[in-house]
Amino acid sequence: MGEIKNNLYRIKVALPENVALVAVSKTKPISDLLEAYNEGQRIFGENKIQEMSNKWEKMPKDIQWHMIGHIQTNKVKFMAAYVSLIHGVDSLKLLEEINKQAKKNNRIIACLLQVFIAKETSKFGLDEAELEIIFHTIKEKKLANIQIVGLMGMATFTNNDDQITKEFAYLKSIFEKSKIDNSQLKILSMGMSGDYKLAIASGSNMVRIGSSIFGGR
Ligand SMILES: *Cc1c(COP(=O)(O)O)cnc(C)c1O
């Protein structure tokens, strides 16, 4: 008891004011989420839609729920009524489905496009050329019920800080370039428990931290 509180405190005092903290609560029980909630945490990240929806039903309603995982198109409808930010959007097909479900719910859903920056081929995301095509296509198609508010990326899982920094710096440079034609881009979501300090040093303004708050999974 009290560990989550201490962990949160330790992380929050070290975060610059402009950096938002997503508490990644996947696999953790409601009691853990409530402990963080009672310390003032209002943004929670989950990677499975079913689990997030269960938690959304049980938790206080002033929480912002962020979907940080890879999403199956046929499950978008289960979160469309309440999700506040979708981090891992990596295809036009998915965006069109989010747009459709957002419209049904009379909402505009904020999304981040996931960019592939790691060396690991297991990770998802768009390359720079695909990103440009998506921005272009969205404008043409006028998807009125989604808004792309930023970019998200995951660095290689490695102890090599130089490698990680290089990857984050690359994403930051893509972010700055993309902003020139897309002034609505505000959020750069990068950094997890193991690398959030490097991410912030490279210009992240949203970190997604799980195990350093809630313990290992
Ligand atoms: C699980 C997860 C995190 C948090 O990971 P930790 O190492 O526990 O902080 C962040 N981002 C994504 C996309 C995740 O799936």
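User: Let's start with one residue. Is Phe214 buried or exposed?

Analyst: Keep in mind that this is a predicted model. To answer, look at the relative accessible area: under 20% means buried, and over 50% means exposed. Phe214 comes out at 8% relative accessibility, so it counts as buried. You'll find Phe214 in helix α8, which covers residues 211-214.

User: What is the separation between the C-alpha atoms of Phe214 and Ala36?

Analyst: Here you compare two numbers, one along the chain and one through space. Phe214 and Ala36 are 178 residues apart along the chain, and their C-alpha atoms are separated by 8.8 Å. Try the same reading on Ile209, which is in strand β8. Its C-alpha atom and that of Leu21 are separated by 7.2 Å, with the two positions 188 residues apart along the chain. Ile209 is also buried, because its relative accessible area is 0%.

User: Which residue pair with Glu17 can I use for the same exercise, and where is Glu17?

Analyst: Glu17 sits in the loop between α1 (3-14) and β1. Pair Glu17 with Leu94: they are 77 residues apart along the chain, and their C-alpha atoms are separated by 32 Å. As for accessibility, Glu17 has a relative accessible area of 85%, so we call it exposed.

User: Where do I find a residue that is partly exposed?

Analyst: Partly exposed is the class in between the two cut-offs. Glu39 belongs there because its relative accessible area is 33%. Look for Glu39 in the loop between α2 and β2. While you're there, check its spacing to Tyr9: 30 residues in sequence, and 8.4 Å from C-alpha to C-alpha.

User: Gln41 is in a loop too. Is Gln41 buried or exposed?

Analyst: Work it out from the number again. Gln41 has 4% relative accessibility, so it counts as buried. Its loop runs between α2 (30-38) and β2 (43-46). Now follow the side chain: it reaches the backbone oxygen of Leu21 at 2.9 Å.

User: What does the side chain of Asn7 lie close to, in terms of polar atoms?

Analyst: For a polar contact, you look for N or O atoms within 3.5 Å of each other. In this case, a polar atom of the Asn7 side chain lies 2.9 Å from the backbone oxygen of Ile213. Asn7 itself is in helix α1. With 14% relative accessibility, Asn7 counts as buried.

User: What about backbone angles? Which value does phi take in Thr27?

Analyst: When you read phi, check its sign and whether the residue is a glycine. Thr27 has phi near 70 degrees, a positive value in a residue other than glycine. Thr27 is in the loop between β1 (20-24) and α2, and it counts as exposed because its relative accessibility is 54%. Lys142 is another case to look at: its phi is positive, about 50 degrees, although Lys142 is not a glycine. Lys142 is in the loop between α5 (128-141) and β6. At 66% relative accessibility, Lys142 is exposed.

User: Now the ligand. Which residues are around it?

Analyst: Pick out residues with a heavy atom within 4 Å of the ligand. Among them are Val24, Lys26, Ile68, Met152, Met154, Met192, Ser193 and Arg208. The list also includes Ile209, Gly210, Ser211 and Arg217. Sorted by class, the shell has six nonpolar, three polar and three charged residues.

User: What polar distances link the ligand's oxygen atoms to Ser193, Gly210 and Ser211?

Analyst: Check whether each protein atom belongs to a side chain or to the backbone. For Ser193, an N or O atom in the side chain is 2.5 Å from an oxygen atom of the ligand. For Gly210, a backbone N or O atom lies 2.8 Å from a ligand oxygen. For Ser211, a polar backbone atom is 2.8 Å from an oxygen atom of the ligand.

User: How much of the ligand does the protein cover?

Analyst: Start from the ligand on its own, which has 390 Å² of accessible area; the protein covers 89% of that. The space the ligand takes is the largest pocket. The elements giving two or more residues to the shell are β6 (146-154) and β8 (206-209).

Notes:
Residues are numbered from 1 along each chain as its sequence is written. This is a predicted model: local features need pLDDT of at least 70, side-chain atom pairs count only at pLDDT 80 or more; totals for chains, interfaces and linings use all residues. Side-chain values use heavy atoms; hydrogens and water are left out. A polar contact is a pair of N or O atoms within 3.5 Å; within protein, one must be able to donate a hydrogen and the other to accept it, and residues adjacent in sequence count only if both atoms are side-chain atoms. Accessible areas come from the Shrake-Rupley method with a 1.4 Å probe; for residues, only the protein chains shown count as cover. On a 1 Å grid over the protein atoms alone, a cavity is a set of points where a 1.4 Å probe fits but cannot get out, and a pocket is an open set with protein on both sides within 12 Å along at least five of seven lines; lining residues have an atom within 4 Å of a point. A molecule sits in a cavity or pocket if more than half of its atoms lie within 2 Å of its grid points. Helices (H or I, at least four residues) and strands (E, at least two) are DSSP runs, numbered from the N terminus. Ala, Val, Leu, Ile, Met, Phe, Trp, Tyr, Cys and Pro count as nonpolar, Asp, Glu, Lys and Arg as charged, and the others, Gly among them, as polar. Buried means under 20% relative accessible area, exposed over 50%, partly exposed in between (1.4 Å probe, protein chains only).
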